[in-house]
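Dear colleague,

Here is the structure for your files. My notes on it follow below.

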Amino acid sequence: MLLALSTWSDVEAYLQRSRAIILPIGSMEQHGPTGLIGTDAICPEVIATHAAQDAPDILVGPTFNVGSAQHHLGFPGTMTLRPSTMIAAITDWTHSLRRHGFEKLYWFNGHGGNVATIAAAFAEIHAERSFDGPDSALPQLSLVQRNWWELPTVMDVCRRLHPRNEGSHATPSEVAVTYAAYPAQVRDVVLEPPVAPSGSFGDAEDYRARFADGRIGSDPSQATVENGREIIETAAQALLTDFRRFAES
Ligand code: NI
């Protein structure tokens, strides 16, 4: 089930059988000359949507698709939230769902740069009930974040499909997932150098000076629709198992 394609009475009925929801969360940031700006939001959205097909015990909420990406702002099209804004937005999303009885929120993440801010948002949300003490009227919430590439067996498949030069940004695996989802967007551009440099960075100007075309350590020319389909299939199965365990815990 997808929240956006449900009616309020569908959701009311769902809450009779589950208190858990998947929330894809990503970023709107450059992914090199061949990767789509929405890559980090598209990947968890596509995997979660695939997992939810014909699964009445799975509800997928809207994609939180602008995240923490200040270091990519040197490239046109990148959008970001500052960490404090993102924490406030995650808190309001959570309170909206809690209002209706959702108690288990599974944030399904597509962007490494979001991890620290999502964790800070969880601490902010848990603090409200912690300050209240044992007689709090607030429900106890179960909040987790999972990176899609860290689900069991997913990296095994990615390494088999792309044994070299996966890198850490604009990777062939994430680009392949977006190409499988949107085959009309496959880009045929010669990358120079073929493998991007690796290293660390600070702000947006520093990032662009170190990584001229936006990639870090990767060769996304390996990305194909076929590889993307295999990664989506593997990740969707792993997500189903992991989410069901979470929902029943
Ligand atoms: Ni990415």
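I start in a loop. At 34% relative accessibility, N165 counts as partly exposed, because that class lies between buried (under 20% relative accessible area) and exposed (over 50%), taken with a 1.4 Å probe on protein chains only. N165 lies in the loop between α5 and α6, and has a positive phi of about 60° although it is not a glycine. A170 is found in the loop between α5 and α6 and also has a positive phi, of about 60°, without being a glycine. A170 is buried, with a relative accessible area of 0%. Most residues other than glycine have a negative phi, and most peptide bonds are trans. The peptide bond from E192 to P193 is cis, with omega near -5°; P193 sits in the loop between α6 and α7 (204-210).

On provenance: this is a predicted model, in which local features need pLDDT of at least 70 and side-chain atom pairs count only at pLDDT 80 or more, while totals for chains, interfaces and linings use all residues. Residues are numbered from 1 along each chain as its sequence is written, and side-chain values use heavy atoms, with hydrogens and water left out.

Next, the metal. The protein donors of the nickel ion (N, O and S atoms within 2.8 Å of the metal, or 3.2 Å for Na, K and Ca) are H31 (NE2), D40 (OD) and E174 (OE), lying 1.9 to 2.2 Å from the ion. Water is not among the atoms, so the site may look incomplete. Along the chain the donors follow the spacing H-x8-D-x133-E. H31 counts as buried at 1% relative accessibility, and D40 counts as buried at 3%.

The largest pocket (an open set of points on a 1 Å grid over the protein atoms alone, with protein on both sides within 12 Å along at least five of seven lines) has a volume of about 370 Å³, the space filled by probe spheres set on the points. Its lining (residues with an atom within 4 Å of a point) comprises 23 residues, of which G112, S168, H169, T171 and E174 lie nearest the centre. The elements giving two or more residues to this lining are α5 (154-161) and α6 (172-181); helices are DSSP runs (H or I, at least four residues) and strands likewise (E, at least two), numbered from the N terminus.

Last, the sheet. Three strands form an open sheet in the order β1-β2-β3, with parallel pairing; two strands pair if DSSP finds at least two bridges between them. The edge strands are β1 (20-25) and β3 (142-147). Strand β2 (residues 104-109) is joined to β3 by 6 bridges, and K104 stands opposite S142 in β3.

Regards

Methods
1 Å grid on protein atoms, 1.4 Å probe; cavity = no way out; pocket = protein on both sides within 12 Å on 5 of 7 lines; lining within 4 Å.
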